[in-house]
Amino acid sequence: MAPSASLARAAADARPGVDGGLELAALLADRVPLPGGGRTLERWQVLATLGAVDLTAARTLEAHLDALAILAEAGLPVADGATYGVYAAEGPGQPLRAAPRDGGWRFDGRKPWCSLAGRVSHALVTAHVEGGRRLFAVHLRQPGVEVEQGAWHARGLTDVVGSAVTFDDVPVEPVGDTQWYLERPGFAHGGIGVAAVWFGGAVALVRSLVAASGRREPDQVAQLLLGEADLTLRQAGALLHQAAAAVDAGQAAGDAGARLTLRVRSAVAEAAERVMTLTGHALGPAPLTGDAEHAARVADLTVYVRQHHAERDLAALGREVLAAGADDEPW
């Protein structure tokens, strides 16, 4: 199943960078299918298509689309003309807290790792409340919100700046009940959407290997490396297809959704890292030093795929498999 021609064309023709991602956020917000409605694969294929074009634009669009899906799942409207980030990371020090005050809710504190907080207008942000964590919607362009101008030394995704944001008595709107954000079925869907972008970045690298064979006759080693890269990519793609079917069938909620997300993200992250290694072995240093687009793609994918927690996520998957026991057979 391929995405509709118009969606695929829009993703393939997008301008690069954050600006391109924000333009697509406005253009595609009402056109990209929500997860779980029978067209989940099409949604992920749009993200993968854009990921193969430009990972910065795809990273920007993915967060916005994830926010729209979360709001839809909560039954809440999208702010007019808004562009969104989703900020759920925790860091050292005092956590961000929300408290009921003056007939509503208010933020006080600091939230780390808020990507593009200086570029998007709104965000969905987790904060600590009595009984756990809760998600809130916040307008980032209002008094009391300060995006810190901290150091950002990344060599990949250089324009997707991850800043800390401080809040001083800022009014916010709750999205779901306490713990809803982490326990809702869509939490799994959003995590796999990120993996779809990683997959797109890996697709572009395999295309580079194929293109290189047209410039120089590949020897047996080059053929072997391309063959392994193709197989690695198609195995990950098959798992994305399987996951989309599970989401549309309502089989990706609760513990089953957690296991599915860990499996897909781990498999796609491993595939992306393997494809980067195979591409480097096949092409050598030349494109990393003389091809700006290729060098940027490798650097971007290297940083982006580190959102996956590697061995820690595999350990989490092992715990989930043990908890499921014989009820979770692999066939």
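How many nonpolar, polar and charged residues does the lining of the second largest pocket have? This predicted model gives 12 nonpolar, 4 polar and 6 charged residues.

## Second largest pocket

The second largest pocket holds about 560 Å³ of space. Its lining counts 22 residues. Nearest the pocket centre lie Ala-212, Ser-213, Arg-216, Ala-282 and Leu-283.

Four helices each give at least two lining residues: α6, α7 (220-248), α8 and α9 (286-290). Helix α6 has the largest share, with 7 residues.

## Largest pocket

The largest pocket encloses about 1500 Å³. Its lining is made of 43 residues. Tyr-181, Phe-187, Arg-265, Gln-307 and His-309 are the closest of these to the centre.

Helices and strands both contribute. Strands β1 (84-87) and β3 (104-115) each supply at least two lining residues. So do α4 (55-74), α5 (180-183), α6 (186-215), α8 (254-283), α10 (292-304) and α11 (311-324). Helix α8 makes the largest contribution, 7 residues.

By class, the lining of the largest pocket splits into 22 nonpolar, 9 polar and 12 charged residues.

## Annotated domain

An unreviewed UniProt entry annotates residues 182-282 as "domain: Acyl-CoA dehydrogenase/oxidase C-terminal". In the model, this span is 89% helix and 0% strand. The C-alpha atoms at its two ends lie 41 Å apart.

## Helices at both pockets

Helices α6 and α8 each supply at least two residues to the lining of the largest pocket. Both also supply at least two residues each to the lining of the second largest pocket. The largest share comes from α8 in the largest pocket, and from α6 in the second largest.

How values were computed
Residues numbered from 1 in each chain as written. Predicted model: local features only at pLDDT ≥ 70, side-chain atom pairs only at ≥ 80, totals over all residues. Heavy atoms only, no water. UniProt positions renumbered as here; feature names shortened; annotations may be inferred. 1 Å grid on protein atoms, 1.4 Å probe; cavity = no way out; pocket = protein on both sides within 12 Å on 5 of 7 lines; lining within 4 Å. Points joined across faces, edges and corners; volume = space filled by probe spheres on them. Nonpolar A, V, L, I, M, F, W, Y, C, P; charged D, E, K, R; others polar.
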